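Let's take a walk through this fold, one piece at a time. Have the coordinates open and follow along.

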Amino acid sequence: IFPDRFFASGRPKENVPADRFLCTDWEATPAWRQDGEPRSLGNDYYGGDLRGIEQKLDYLQSLGVTILYLNPIFEGHSNHRYNTADYTRVDPLLGSEEDFSSLCREAKKRGMAVILDGVFSHTGADSRYYNKYGRYPEAGAYQSKSSPYYPWFSFYDWPDGCHCWWGVPSLPEVNEEEPSFVDYVCGENGVLRRWMRLGASGWRLDVADELPDGFLDRVREAVKAENPDALLLGEVWEDATTKISHGGRRRFLLGRQVDSVMNYPWRAAILAFAGGGPAAELRLAVEELLAHYPKGALDLMMNHVGTHDTERVLSVLGGAPLGLERAAQADVRLTPEQRERGLRRLRLAAVLQYALPGLPSLYYGDEAGVEGLRDPFNRTGYPWGKEDADLLAFYRELGRRRKHPAFAGGEIAFVGQGACWIAFTRQKEDRRVLIVVNAGESDCRLPLGDDWRAADRWGGAWAPDGALSVGPESFALLAL
């Protein structure tokens with residue numbers, strides 16, 4: 001969930017900075033200009049908040065959701081809040097500390113956990129730590145070398161020469177090996193443990209591959225000391241076992257760092273296949289991670305087909321033009337024909353996403369048919385009351401079927417494949433599911449044993465000779 005755009009409770013907020021632009025049109029296209037005007041990129045706020053998420057927990061439960069991963073909720077002076085201003089405060093537009101704890105309590109009653117986004121490779125320049133603009137009363141690193149936060153940052157020409165994340169001046173990099181920063185985040189009363197005591201059940205680590213091993217080790221120690229069952233998830237866009245950064249091969253999945261990672265490699269493979277690509281390439285991508293990742297990490301992979309950092313999956317599969325400048329992206333909408341094609345393909349992608357090993361991750365609004373290209377157009381307000389009802393019903397059914405025991409760590413085996421179709425099973429003890437996904441333009445047929453005749457079937461049809469037939473751009477799930 002991108003908190004500012006999911007649902008607004010309407011509750012009044014306190015201590016909201018006066019320099020934010022509060023958008024009154026929930027359906028407005030997000031501001032994309034970088035001209036410094038109040039309604040410009042990153043400074044338009046729609047008013048979604050923590051109480052709003054709490055009010056929609058029954059809706060989320062109807063989708064089969066068991067984990068809520070929230071994009072940053074800490075005070076930060078952009079709507080995305082990846083430019084952290086204060087790790088110890090909920091952003092005033094999102095609510096209060098009690099609102100966060102209330103959300104966690106109510107989610108837990110419904111069998112859901114809440115995971116927070118930890119952004120520890122950089123802060124905002126407009127933060128209590130750097131304080132370039134003097135917003136905060138205490139001197140920050142930009143203002144004084146005597147600031148307690150000065151050692152956090154790497155200046156080469158103080159105060160204006162500081163190493164920044166990917167060269168973005170508003171995001172000064174933090175030295176994650178500075179003892180005072182490590183203690184601030186990982187200490188007994190540090191940021192990680194503080195928010196877990198308030199209700200968080202784990203963390204997703206932003207740009208985990210840009211954090212040094214020593215810091216990741218300390219993060220894990222703190223998180224697991226607070227709760228051994230807490231989830232620690234890393235943002236890594238490549239194969240996490242072959243990733244080279246910080247001067248060597250990383251050891252994310254060797255047991256003392258993250259539990260698992262975001263699964264971008266499978267996202268690329270799933271979208272390519274759903275768009276008509278070869279089944280062999282999908283299978284190769286899947287088998288590569290099956291061979292490389294420990295099973296514990298495989299079972300906890302964040303399987304997504306879209307995030308706040310990517311184009312909306314419906315736009316991609318519908319054939320929207322990619323790679324445009326922001327000004328050109330603002331008015332891109334799928335034609336009716338493109339949208340229908342995208343909806344068919346989205347169902348195929350979702351079935352794979354939910355059926356492969358790992359945890360399916362649904363980016364808010366994808367289940368409602370939201371379109372949009374890259375940031376900020378992938379961060380529109382959820383279309384309450386205007387959802388695609390058929391697509392929403394599909395996702396609810398998919399969520400219901402995902403509860404089959406075979407998906408809880410069951411083994412995977414490929415049992416059939418054509419140029420544009422693929423079939424595999426998931427099995428745990430004597431519980432089995434067969435998944436067939438056909439992205440081609442003609443029927444596919446899979447001969448099956450008589451035992452599958454007794455299966456609970458969703459999609460596909462039995463041919464006279466006993467084979468399972470699956471139509472073009474369609475799928476079948478059979479459960480025993």
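A good place to start is the open sheet of five strands, which pair in parallel and come in the order 3-6-9-10-13. Strand 3 and strand 13 (260-261) sit at the edges with a single partner strand each, so one side of each has no neighbour in the sheet. Keep in mind as you look around that this is a predicted model.

Now zoom in on strand 6 (113-118). On one flank, strand 3 (residues 67-69) pairs with strand 6 in the parallel sense, over three bridges. You can pick out the register yourself: Ile 67 has Ala 113 as its bridge partner in strand 6, and Tyr 69 stands opposite Ile 115. Strand 6 is also joined to strand 9 (residues 202-205), again running parallel and again with three bridges. Here, look for Leu 116 of strand 6, which stands opposite Trp 203 in strand 9.

How many of the six residues of strand 6 are buried? Six of the six, so the strand counts as mostly covered, given that buried means under 20% relative accessible area. Neither face is left open: Ala 113, Ile 115 and Asp 117 are buried on one side, and Val 114, Leu 116 and Gly 118 are buried on the other.

Follow the chain out of strand 6 and you run into some aromatic rings. Across the model, the count comes to 36 aromatic pairs. Take Tyr 130 and Tyr 142, a tilted pair with 5.8 Å centre to centre and 45° between the planes. Both lie in the loop between strand 6 and strand 7 (155-157), so the pair ties together parts that are 12 residues apart in sequence. Both of these tyrosines, Tyr 130 and Tyr 142, are buried. For another geometry, try Tyr 363 and Tyr 364, which meet edge-to-face at 4.9 Å centre to centre with 80° between the planes. Tyr 363 and Tyr 364 are buried too.

There's also an aromatic cluster to highlight, with Phe 74, Tyr 87, Phe 120, Tyr 149 and Trp 195 among its members. Trp 203, which we met opposite Leu 116, belongs to that cluster as well.

Rings also turn up beneath charges. The charged end of Arg 5 sits over the ring of Tyr 46, 4.0 Å from its centre, while Lys 56 lies over the face of Phe 7, at 4.5 Å from the ring centre. Arg 5 is also one of the residues touched by Asp 44. That aspartate is in strand 2 (residues 44-45), and at 1% relative accessibility it counts as buried. Beyond its neighbours in sequence, Asp 44 touches residues including Asp 4, Phe 21, Arg 39 and Asn 79.

Finally, move along to helix 8 (residues 279-292), which has 14 residues and spans 20 Å from its first C-alpha to its last, close to the 20 Å expected at 1.5 Å a residue. Which of its residues are buried? They are Ala 279, Leu 282, Ala 285, Val 286 and Leu 289. These cover an arc of only 135° around the axis, which puts them on the same side of helix 8. Turn the helix over, and the face away from the buried side carries the exposed residues Glu 281, Leu 284 and Ala 291. As for what the buried residues pack against, it's a mix of helices and strands: helix 7 (264-274), helix 9 (295-299), helix 12 (336-355), strand 16 (411-417) and strand 17 (421-428).

Note on methods
Residues numbered from 1 in each chain as written. Predicted model: local features only at pLDDT ≥ 70, side-chain atom pairs only at ≥ 80, totals over all residues. Heavy atoms only, no water. Helix = DSSP H or I, 4+ residues; strand = E, 2+ residues; numbered from the N terminus. Expected span 1.5 Å × (residues − 1). Buried < 20%, exposed > 50% of the residue type's maximum accessible area, 1.4 Å probe, protein only. Arc of directions from axis to C-beta. Contact = heavy atoms within 4.5 Å. Phe/Tyr/Trp six-rings, centres within 6.5 Å; stacked < 30°, edge-to-face > 60°. Lys NZ or Arg CZ within 6 Å of the ring centre and 35° of its normal. Pairing = 2+ DSSP bridges. Lists of a residue's contacts leave out its neighbours within four places in sequence.
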